[in-house]
Amino acid sequence: MAYTYDDTNIFARILRGEIPNKTVLETDHTLAFHDIAPSAPVHVLVIPKGPYVSFDHFASAASDAEIVDFHRTAASVCTKMGVSLDTGQGFRAITNAGENGVQEVPHYHLHILGGRPMGRMVAK
Ligand code: 5GP
């Protein structure tokens with residue numbers, strides 16, 4: 001089955017400037033912004049600007065430049081938010097994909113969560 005990108009999703013609308021966001025960092029290929037309903041004191045979403053549905057779509061189809069920029073930006077977010085292991089106490093990075101991953105917004109995003117101990121990784 002092919003990856004199908006729906007450009008009416010809320011993050012596509014944020015990227016088009018139709019909906020405001022609280023930007024943490026922005027580059028040519030990547031945008032990072034605060035989650036509207038934070039699950040932790042630090043909860044930032046890192047998204048590619050390109051039309052990718054999920055982690056596996058992005059990792060298999062994006063250009064090297066997009067993939068490098070995405071990860072460098074995510075690392076910069078960790079530093080900027082004070083959760084990097086370089087200077088802080090750590091974080092959890094999560095990405096949900098599709099129905100079984102319980103993905104709400106069908107535009108690839110990495111959640112960076114921190115500012116408190118994050119507990120168990122998944123419910124049993
Ligand atoms: P998912 O369940 O797809 O992994 O996560 C989607 C995330 O997007 C949720 O944590 C949700 O709070 C966040 N979110 C949904 N709509 C908006 C919005 O309009 N703005 C921002 N900043 N975050 C949103």
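Colleague: Hi! How far is a polar backbone atom of valine 105 from an oxygen atom of the ligand?

Modeller: The two atoms are 2.9 Å apart. Polar contacts here are pairs of N or O atoms within 3.5 Å; within protein, one must be able to donate a hydrogen and the other to accept it, and residues adjacent in sequence count only if both atoms are side-chain atoms. Keep in mind that this is a predicted model: local features need pLDDT of at least 70 and side-chain atom pairs pLDDT 80 or more, while totals for chains, interfaces and linings use all residues. Residues are numbered from 1 along each chain as its sequence is written, and side-chain values use heavy atoms, with hydrogens and water left out.

Colleague: Good to know. Which side chains have a polar atom by a ligand oxygen?

Modeller: Aspartate 35 has one at 2.5 Å, and histidine 109 has one at 2.9 Å.

Colleague: And how much of the ligand does the protein bury?

Modeller: It buries 87% of the 520 Å² that the ligand exposes when taken alone. Those areas come from the Shrake-Rupley method with a 1.4 Å probe; for residues, only the protein chains shown count as cover.

Colleague: How many residues surround the ligand?

Modeller: There are 16, and the closest are Asp35, Asn96, Glu104, His109 and His111. To count, a residue needs a heavy atom within 4 Å of the ligand.

Colleague: New topic: is histidine 43 buried or exposed?

Modeller: Histidine 43 is buried, with a relative accessible area of 6%. Buried means under 20%, exposed over 50%, and partly exposed in between (1.4 Å probe, protein chains only).

Colleague: What does the side chain of histidine 43 pair with?

Modeller: It makes a 2.8 Å polar contact with the side chain of histidine 111. One of its polar atoms also lies 3.0 Å from the backbone nitrogen of serine 39.

Colleague: Where does histidine 43 sit?

Modeller: In strand β3, as does valine 42. Strands (E, at least two residues) and helices (H or I, at least four) are DSSP runs, numbered from the N terminus.

Colleague: Which residues have the most contacts inside the largest nonpolar core?

Modeller: Val44, Val46, Val77, Leu110 and Ile112, in a core of 16 residues. Such a core is a set of buried Ala, Val, Leu, Ile, Met, Phe, Trp, Tyr and Cys residues joined through side-chain atoms within 4.5 Å.

Colleague: Which elements give it two or more residues?

Modeller: β3 (42-48), α3 (64-80) and β5 (110-114). The largest share, 4 residues, comes from α3.
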